[in-house]
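I'm opening a fresh page for a structure I haven't looked at before. Here are my notes, in the order I looked things up.

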Amino acid sequence: MRGLAAAIALLVVAPTLAVAQFRGPRAELTPLVESEVRAGGAARAAVEVRLPQQLHVQSNAPRDPSLIATELTFNPPAGVRATEIVFPKPTDLEQAGLPQPLALFEHEFAIGVQFAVDRGTAPGTLEVPGQLRYQACDDKVCYPPQTGELRWTLTVVGSAARTTPTRPDVFERIPFGTGAAPSAAAATAPAPTAPAAGSD
C-alpha cells in the first residue's frame, strides 16, 4: 500500500514539476529609488536585474523582430507619470548562421526610470507598480518569456525638506537624459494582480 501511495503521489507531483521546469529561469528584480522627491519634481528610480551567470536577455530593441524584447511597463497612481526609461547599452553576440549579431543585455544590468510628481501632491508615500517582461536565453536555447512584478515606493516630502541620495553605485552609471519616453501603452499598463517580484 505504501508503494502504491508513493506512486500516486509521484503522478500528482510530476506534472507540476514539469510545468515549473518548462517555465525556465527567472530574474531577480530589485526596484530602487534614488532619494525622496518634492512635489513638482522628478524622482530617479531603477530596477536591478540579475540572472544566473550563463544567461542573458534580448535587448529592448532586438535586431530580429521575431525575438522577444525586454519591456518595462508601469501603472502609476494619480499624480505620477513615467517620463523616461534608460535601458543599458546592449552587447553584441555573434552567432553562427545569423546575418547580424544579437543585441543582448548580460546577466546583470540596471534599467533607469524617471517619474514626475505633480505639483500639489501631498507629502507621503506613493506606490508605483510596474512589470518587466523578458526572455532569458543561454548560448543554445531561449526559455519561455517571463513577466516579473515590480513596485517602487516614492517618498514625497515638503519643499523645504532635505533629500538624501542613495545607491550611487547604480544611479551614477545610468545616463539619465539619454533615454526615451515610455510609450502610451507602457506608461499605463494594467495594475499587477500579484506584486511578487519575478512572478509570471
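What follows is a set of short entries on one threonine, the nonpolar cores and some salt bridges.

**Before starting.** I'm working with a predicted model.

**Entry: threonine 70.** I looked for threonine 70 and found it in the loop between strand 4 (56-58) and strand 5 (71-74). Is threonine 70 buried or exposed? I get 2% relative accessibility, and buried means under 20%, so threonine 70 counts as buried. I then checked what a polar atom of its side chain sits by: the backbone oxygen of glutamine 58 is 2.5 Å away. Leaving out residues up to four places away in sequence, I noted that threonine 70 touches several others, among them Val57, Phe87, Phe105, Leu132 and Tyr134.

**Entry: the nonpolar cores.** I went to the largest nonpolar core next, which has 31 residues. Which members touch the most others? My list reads Leu72, Phe74, Ile111, Phe115, Leu132, Trp152 and Leu154. The elements giving two or more residues to this core are strand 3 (42-50), strand 5, strand 6 (80-86), strand 9 (108-117), strand 10 (124-134) and strand 12 (146-157). Strand 9 gives the largest share, five residues. Another core lies apart from this one; that one has eight residues, including Ala110, Val170, Phe171 and Phe176.

I also picked out leucine 154 and looked at its contacts beyond four places in sequence. Among them are Val33, Ala43, Val80, Phe115 and Leu126.

**Entry: salt bridges around glutamate 48.** I searched the whole structure and got seven salt bridges. Glutamate 48 pairs with arginine 50, with 3.6 Å between the closest N and O atoms. Glutamate 48 also pairs with arginine 167, this time at 3.1 Å. What does that second pair tie together? Glutamate 48 is in strand 3 and arginine 167 is in the loop between strand 12 and helix 2 (168-171), so the bridge joins parts 119 residues apart in sequence.

I checked accessibility for these three as well. Glutamate 48 is buried at 10%, while arginine 50 is partly exposed at 29% and arginine 167 is partly exposed at 28%. I wrote down the network too: salt bridges link Glu28, Glu48, Arg50, Arg167 and Asp169.

**Entry: arginine 81 and aspartate 118.** My last lookup was the salt bridge between the side chains of arginine 81 and aspartate 118, at 3.9 Å from N to O. This pair links arginine 81 in strand 6 with aspartate 118 in the loop between strand 9 and strand 10, 37 residues apart. Arginine 81 is partly exposed at 46%, and aspartate 118 is partly exposed at 32%.

Key: Residues are numbered from 1 along each chain as its sequence is written. This is a predicted model: local features need pLDDT of at least 70, side-chain atom pairs count only at pLDDT 80 or more; totals for chains, interfaces and linings use all residues. Side-chain values use heavy atoms; hydrogens and water are left out. Helices (H or I, at least four residues) and strands (E, at least two) are DSSP runs, numbered from the N terminus. Buried means under 20% relative accessible area, exposed over 50%, partly exposed in between (1.4 Å probe, protein chains only). A polar contact is a pair of N or O atoms within 3.5 Å; within protein, one must be able to donate a hydrogen and the other to accept it, and residues adjacent in sequence count only if both atoms are side-chain atoms. Contact means heavy atoms within 4.5 Å. A nonpolar core is a set of buried Ala, Val, Leu, Ile, Met, Phe, Trp, Tyr and Cys residues joined through side-chain atoms within 4.5 Å. A salt bridge is a side-chain nitrogen of Lys or Arg within 4 Å of a carboxyl oxygen of Asp or Glu.
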